[in-house]
Amino acid sequence: MHMTTIGIRATILAAAALAAGPAFALDDTAPQPVVVTPLVSTNVTAAGQPIVLPQKDARVIASLFEIAPGATLPVHKHPSMRYAYVLEGELLVTNVETGAATTYRAGDFIVEMLDIWHQGASVGPDTVRLVVIDQVEGDVQNTLLRAKATP
């Protein structure tokens, strides 16, 4: 083989090895640096509604929520899609229209109810920590509180 061809092949192999990184190391027994664990695959919300995405001026908002043990959120609803991943704690979510309730724990992924009044409560001994992702149109507020009844 001509020396230039060997040099080009060696350069290509070296570049490929560098680009591939440790995930493609020659040692097949080495741990892989990336592990993907599916959390959810769905086209419906927690209430069985179809997922509806923003049609214009789409905006994604990500937040970290911390709900103290024993705390109860006010009755509210979301006019746009909201997703949550439970990092810690136990969150009881109740559909106040039907009374149906679900408890979510660390590792659970929630596709929240769309435009349905519901309430969340931290029911375990630990603070509930959630990563929350909203998909809204423009500057739309994605949490609406239910007005309290007046006597």
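User: Exposed means over 50% relative accessible area, buried means under 20%, and partly exposed lies in between. In this predicted model, what makes Asp139 count as exposed?

Analyst: The relative accessibility of Asp139 is 72%. The cut-off for an exposed residue is over 50%, so Asp139 counts as exposed.

User: Why is the pair of Arg59 and Asp139 called a salt bridge?

Analyst: The closest N and O atoms of Arg59 and Asp139 are 3.8 Å apart. The limit between a side-chain nitrogen of Lys or Arg and a carboxyl oxygen of Asp or Glu is 4 Å, and the pair therefore qualifies. Arg59 belongs to strand 1 and Asp139 to the loop between strand 8 and strand 9, so the salt bridge ties together parts that are 80 residues apart in sequence. Arg59 has 31% relative accessibility and is classed as partly exposed.

User: How do you know that Arg129 and Glu66 form a salt bridge, and what parts of the chain does the pair tie together?

Analyst: Their closest N and O atoms are 3.4 Å apart, and the criterion asks for a distance within 4 Å. Arg129 lies in strand 8 and Glu66 in strand 1, so parts that are 63 residues apart in sequence are tied together. The two residues fall into separate accessibility classes: Arg129, at 24%, is partly exposed, whereas Glu66, at 54%, is exposed. Glu66 and Arg129 also belong to a network of salt bridges that includes Glu88.

User: What makes Arg82 and Asp134 a buried pair or an exposed pair?

Analyst: Arg82 has a relative accessible area of 8% and Asp134 one of 5%. Buried means under 20%, so both residues count as buried. Their side chains meet in a salt bridge of 2.7 Å, N to O. This pair links distant parts of the chain, with Arg82 in strand 3 and Asp134 in strand 8, 52 residues apart. In total, the count of salt bridges comes to six.

User: Why is Lys77 called buried, and what does its side chain join?

Analyst: Lys77, in strand 2, has 17% relative accessibility. Because the limit for a buried residue is under 20%, Lys77 counts as buried. A polar contact of 3.4 Å joins its side chain to that of Asp115, where the limit for such a contact is 3.5 Å. Beyond its sequence neighbours within four places, Lys77 is in contact with residues including Trp117, His118 and Asn142.

User: What makes the backbone of Asp115 worth a second look?

Analyst: Its phi is near 60 degrees, a positive value in a residue other than glycine. Most residues other than glycine have a negative phi. Asp115 is placed in the loop between strand 6 and strand 7. Its relative accessible area of 42% lies between the cut-offs of 20% and 50%, so Asp115 is partly exposed. Asp57 likewise has a positive phi, near 45 degrees. Asp57 lies in the loop between helix 1 and strand 1, and at 60% relative accessibility it counts as exposed.

User: How do you know which residues form the largest nonpolar core, and which element gives the largest share?

Analyst: A core consists of buried residues of nonpolar types joined through side-chain atoms within 4.5 Å. The largest set has 12 residues, among them Ile67, Val86, Leu91, Tyr104, Met113 and Val132. Strand 3, strand 4 and strand 8 each give two or more residues, and strand 8 supplies the largest share, three residues. In soluble globular proteins, nonpolar side chains tend to be buried together.

User: Why is Ile133 not called buried, and what patch does it belong to?

Analyst: Ile133, found in strand 8, has a relative accessible area of 32%. That value is not under 20%, so Ile133 is partly exposed. Patch residues need over 30%, and Ile133 joins Val60, Leu64, Leu87 and Val131 in a nonpolar surface patch with about 380 Å² of accessible area together. Strand 1 and strand 8 each give two or more residues to the patch.

User: What makes Ser122 buried?

Analyst: Ser122, in strand 7, is at 4% relative accessibility, and buried means under 20%, so Ser122 is buried. Among the residues it touches are Ile67, Pro69, Glu90, Leu91 and Val128.

Conventions. Residues numbered from 1 in each chain as written. Predicted model: local features only at pLDDT ≥ 70, side-chain atom pairs only at ≥ 80, totals over all residues. Heavy atoms only, no water. Patch = residues over 30% accessible without salt bridge, like charges linked within 9 Å, V, L, I, M, F, W, Y side chains within 5 Å. Areas by Shrake-Rupley, 256 points an atom, 1.4 Å probe, with all protein chains shown as cover. Helix = DSSP H or I, 4+ residues; strand = E, 2+ residues; numbered from the N terminus. Buried < 20%, exposed > 50% of the residue type's maximum accessible area, 1.4 Å probe, protein only. Polar contact = N/O pair within 3.5 Å; in protein donor to acceptor, adjacent residues only side chain to side chain. Contact = heavy atoms within 4.5 Å.
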